[in-house]
Amino acid sequence: MFGFLKKKIKEVLKLPKKDRAKELELVLLEAGISFDVVDELINNIKESDDQKKSLRQSILDLLVPGKFEIKTKPYVILFIGINGVGKTTNLAKVAHLLKKQRKKIVVAGSDTFRAAAIEQLGEHCKKLKIPLIKQPYGADPAAVAYDAISHAKAKKLDIVLIDTSGRLHVDAGLMKELEKIKKVANPDLTLLVVDATTGNDAVEQALAFDYLADGFIVSKADVDERGGAIISISFIAEKPIYFLGTGQKYQDLEEFSPEKIIKELDL
Ligand SMILES: Nc1nc2c(ncn2[C@@H]2O[C@H](COP(=O)(O)OP(=O)(O)OP(=O)(O)O)[C@@H](O)[C@H]2O)c(=O)[nH]1
Ligand SMILES: [Mg+2]
């Protein structure tokens, strides 16, 4: 994580002070950090005597961590995002985490669109020993979510995790479908999953899905060298990051910690 940015920031901080701002601007842009965020960071360090400290504090100020506040029963979490970002895998990781906290969980297989999605989710649920509410391929995903919530209420379960199919925000039909799922399920939390390695695209997705999402899981942080999405997304979209996905195993889910990011960057 952050290999590129860490190395480059170190190099910039060794330059004569007068050259640093210009060089840092290039480095931050190259790392896929959004223009507005780069502006903010550069303006802050220009005026500072201790630029390393200023950069540390400015980055800390950009990063907003989210935390589950499980106050309702069942607590319903909806996972959304474009194709292949890691919705299903990270739903399974969240299930694993909550199961360790002794929460009783049910999963809704509301991706009825992609062939094999229900099987993929079924495998996870089997491994995690969590019930899966499903319907055949092509069924109404909102109905599946509704069934899962009814099941949770009847069995007095704590958590409902709803998987959805990947969709682009420009696909009006699929966005309508997602709005229906959201209306029917009325989730306590809607997490947009984005792929860290896509940099600015991840931030664009955050803005496109803004009216549906409450916060983010930034996946594939383990294979992201640049860190642009992680650093920009909560500032630009004004929403917290709940977790970073850091691999393909169930334990590869980190609660988002701004302090840890600062350590990773060696600031
Ligand atoms: N390295 C790494 N790989 C990940 C992470 N999260 C997901 N993946 C991988 O990314 C691929 C896609 O993950 P899925 O969970 O199927 O993504 P999805 O968003 O559900 O995909 P669709 O349902 O097809 O839209 C899989 O190969 C996952 O193992 C992560 O944090 N790190
Ligand atoms: Mg999926």
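# Exercises around strand 4

In this structure, 6 bridges link strand 4 to strand 2 (residues 105-110), and these two strands run parallel. Please keep in mind that the model is predicted. The exercises below start from this pairing and work outwards.

## Exercise 1: Placing strand 4 in the sheet

Find the strand that pairs with strand 4 in the parallel sense over 4 bridges, and work out the order of the sheet.

*Solution.*

Step 1. Begin with strand 2, where Ile105 has Ile159 of strand 4 as its bridge partner.

Step 2. Now look for the pairing over 4 bridges: strand 1 is the parallel partner here. Tyr75 is bridged to Ile159 of strand 4, and Ile77 is bridged to Leu161 of that strand.

Step 3. Put this into the whole sheet. It is an open sheet of 8 strands with mixed pairing, in the order 3-2-4-1-5-6-7-8. At the edges are strand 3 (132-133) and strand 8 (253-255), each of which pairs on one side only.

Step 4. Add the helices that pack on the sheet. Helix 7 (residues 141-155) touches strand 1, strand 2, strand 3 and strand 4, and its direction makes about 170° with that of strand 2. Helix 9 (residues 200-208) touches strand 5 (189-195) and strand 6 (215-219), with about 155° between its direction and that of strand 5.

## Exercise 2: The two faces of strand 4

Decide how many residues of strand 4 are buried, and sort them by side.

*Solution.*

Step 1. Count along residues 159-164: 6 of the 6 residues in strand 4 are buried.

Step 2. Recall a general point: side chains in a regular strand alternate between the two faces of the sheet.

Step 3. Sort the residues. Ile159, Leu161 and Asp163 are on one side, Val160, Ile162 and Thr164 are on the other, and both faces are covered.

## Exercise 3: A close look at Thr164

Is Thr164 buried or exposed, and which backbone oxygen does its side chain reach?

*Solution.*

Step 1. Locate Thr164 in strand 4.

Step 2. Its relative accessible area is 1%, and because buried means under 20%, Thr164 counts as buried.

Step 3. Follow the side chain of Thr164 to the backbone oxygen of Phe79, at 2.6 Å.

Step 4. Look at the surroundings: the residues that Thr164 touches include Leu78, Ile80, Ser110, Leu178 and Lys87.

## Exercise 4: From Lys87 to ligand 1

Find which residues come nearest to ligand 1, and how much of the ligand the protein buries.

*Solution.*

Step 1. There are 19 residues around ligand 1, and the nearest are Lys87, Thr88, Thr89, Asp222 and Gln248.

Step 2. Check distances to oxygen atoms of ligand 1. A polar side-chain atom of Lys87 is 2.7 Å from one, a backbone N or O atom of Gly84 is 3.0 Å from one, and a backbone N or O atom of Gly166 is 3.5 Å from one.

Step 3. Consider the cover: ligand 1 taken alone exposes 660 Å², of which the protein buries 82%.

Step 4. Ask where the shell comes from. Helix 5 (residues 87-100) gives the largest share, 5 residues.

## Exercise 5: Leu63 and a distant partner

How many residues apart in sequence are Leu63 and Ser234, and what is their C-alpha to C-alpha separation in space?

*Solution.*

Step 1. Leu63 sits in the loop between helix 4 (51-62) and strand 1 (75-80).

Step 2. Leu63 and Ser234 are 171 residues apart in sequence, and their C-alpha atoms are 6.0 Å apart in space.

Step 3. Leu63 touches Ser234, and its other contacts include Ile230, Phe256 and Pro258.

Step 4. With a relative accessible area of 5%, Leu63 is buried.

Note on methods:
Residues numbered from 1 in each chain as written. Chains lettered and ligands numbered in written order. Predicted model: local features only at pLDDT ≥ 70, side-chain atom pairs only at ≥ 80, totals over all residues. Heavy atoms only, no water. Buried < 20%, exposed > 50% of the residue type's maximum accessible area, 1.4 Å probe, protein only. Contact = heavy atoms within 4.5 Å. Pairing = 2+ DSSP bridges. Axes fitted to C-alpha atoms, helices over the stretch in contact; angles between N-to-C directions. Near = heavy atom within 4 Å. Polar contact = N/O pair within 3.5 Å; in protein donor to acceptor, adjacent residues only side chain to side chain. Areas by Shrake-Rupley, 256 points an atom, 1.4 Å probe, with all protein chains shown as cover. Lists of a residue's contacts leave out its neighbours within four places in sequence.
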